[in-house]
Amino acid sequence: GDEGAVIIEVADSGIGIAAEDIRKVLQPFAQVEDVMTRGNEGTGLGLSLAKSLMELHGGALIIDNEVDKGTTVTLRFPPLRILL
């Protein structure tokens, strides 16, 4: 990335996330569908943990999404600073 930032993108071609649900999926243990209707397993911790870790490192987690097209999650780490 610019000025030495490290950028990692993870993309899928799944069902996507509705705009109104993005804030929800960034909360610990939150999932868009309830246990009776969802077709996927998981705890609902992945995105919230990734976001917290990125913020601890001074970085950012960005979600770019289109319903029925997929989701791209970008992890942007700040430039590395080497102290001598």
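Let me begin with a term: a residue is called buried when its relative accessible area is under 20%, exposed when it is over 50%, and partly exposed in between. By that rule Lys51, with a relative accessible area of 26%, is partly exposed, and I will come back to Lys51 when we reach its partner in helix 2.

What you have in front of you is a predicted model, so let me turn to confidence before anything else. The mean pLDDT of the protein chain is 82, and 80% of its residues reach 70 or more. Going through the elements, confidence is highest in strand 1, at a mean of 94, and lowest in helix 1, residues 22-25, where the mean is 86. As a general caution, where pLDDT is low, the predicted coordinates should not be read in detail.

Now the overall layout. The protein chain has two helices and three strands, and along the sequence these follow the pattern β-α-α-β-β. Of its 84 residues, 23% count as buried. If we take the contacts between residues at least 6 apart in sequence, 50% of them join residues that are at least 24 apart. The chain exposes about 6400 Å² in total, and carbon and sulfur atoms supply 57% of that area.

Let me move to the interior. Which residues make up the largest nonpolar core? There are six of them, namely Leu26, Met54, Leu61, Ile63, Val73 and Leu75, and strand 2 and strand 3 each supply at least two residues of this core. If we take Ile63 as a way into that region, and leave out residues up to four places away in sequence, Ile63 touches Ile22, Leu26, Leu47, Thr71, Thr72 and Val73. Two of the residues on that list, Leu26 and Val73, are themselves members of the core.

Staying with strand 3, I would like to look at Thr74, which is placed in that strand. Is Thr74 buried or exposed? Its relative accessibility is 13%, and because the limit for buried is under 20%, Thr74 counts as buried. Setting aside its neighbours within four places in sequence, Thr74 is in contact with Ile7, Ile8 and Glu9, and also with Ala60, Leu61 and Ile62.

One of those contacts, Ile8, brings us to the surface, where Val6, Ile8, Val10 and Leu80 make a nonpolar patch of about 370 Å². Val10 belongs to strand 1, residues 6-11, and at 51% relative accessibility Val10 counts as exposed, the cut-off for that class being over 50%.

Next, the charged pair that I promised. How many salt bridges does the structure hold? There is one, and in it Glu55 is joined to Lys51, with the closest N and O atoms 2.6 Å apart. In general, side chains of opposite charge can pair when their charged atoms come close. Both residues lie in helix 2, residues 46-56, and they are four residues apart, which is about one turn of the helix. Glu55 has a relative accessible area of 47% and is partly exposed, and Lys51, at 26%, is partly exposed as well. Glu55 can also be placed against a residue further along the chain: the C-alpha atoms of Glu55 and Arg76, 21 residues apart in sequence, are separated by 9.8 Å.

Two other pairs can be described in the same manner. Arg23, in helix 1, counts as exposed at 71% relative accessibility, and its C-alpha atom is 10.0 Å from that of Ser48, the two residues being 25 apart along the chain. Gly1 lies in the segment before strand 1 and counts as exposed, at 66% relative accessibility; Gly1 and Phe77 are 76 residues apart in sequence, but 9.2 Å apart in space, C-alpha to C-alpha.

Finally, a point of backbone geometry. Where does Asp68 sit? Its place is in the loop between strand 2, residues 60-66, and strand 3, residues 70-77. The phi angle of Asp68 is near 70°, a positive value in a residue other than glycine, and the residue is exposed, with a relative accessible area of 65%.

Methods
Residues are numbered from 1 along each chain as its sequence is written. Side-chain values use heavy atoms; hydrogens and water are left out. Buried means under 20% relative accessible area, exposed over 50%, partly exposed in between (1.4 Å probe, protein chains only). Patches are made of residues with over 30% relative accessible area and no salt bridge: like charges are joined within 9 Å, nonpolar side chains (Val, Leu, Ile, Met, Phe, Trp, Tyr) within 5 Å. Accessible areas come from the Shrake-Rupley method with a 1.4 Å probe; for residues, only the protein chains shown count as cover. A salt bridge is a side-chain nitrogen of Lys or Arg within 4 Å of a carboxyl oxygen of Asp or Glu. pLDDT is the predictor's confidence in each residue, from 0 to 100. Contact means heavy atoms within 4.5 Å. A nonpolar core is a set of buried Ala, Val, Leu, Ile, Met, Phe, Trp, Tyr and Cys residues joined through side-chain atoms within 4.5 Å.
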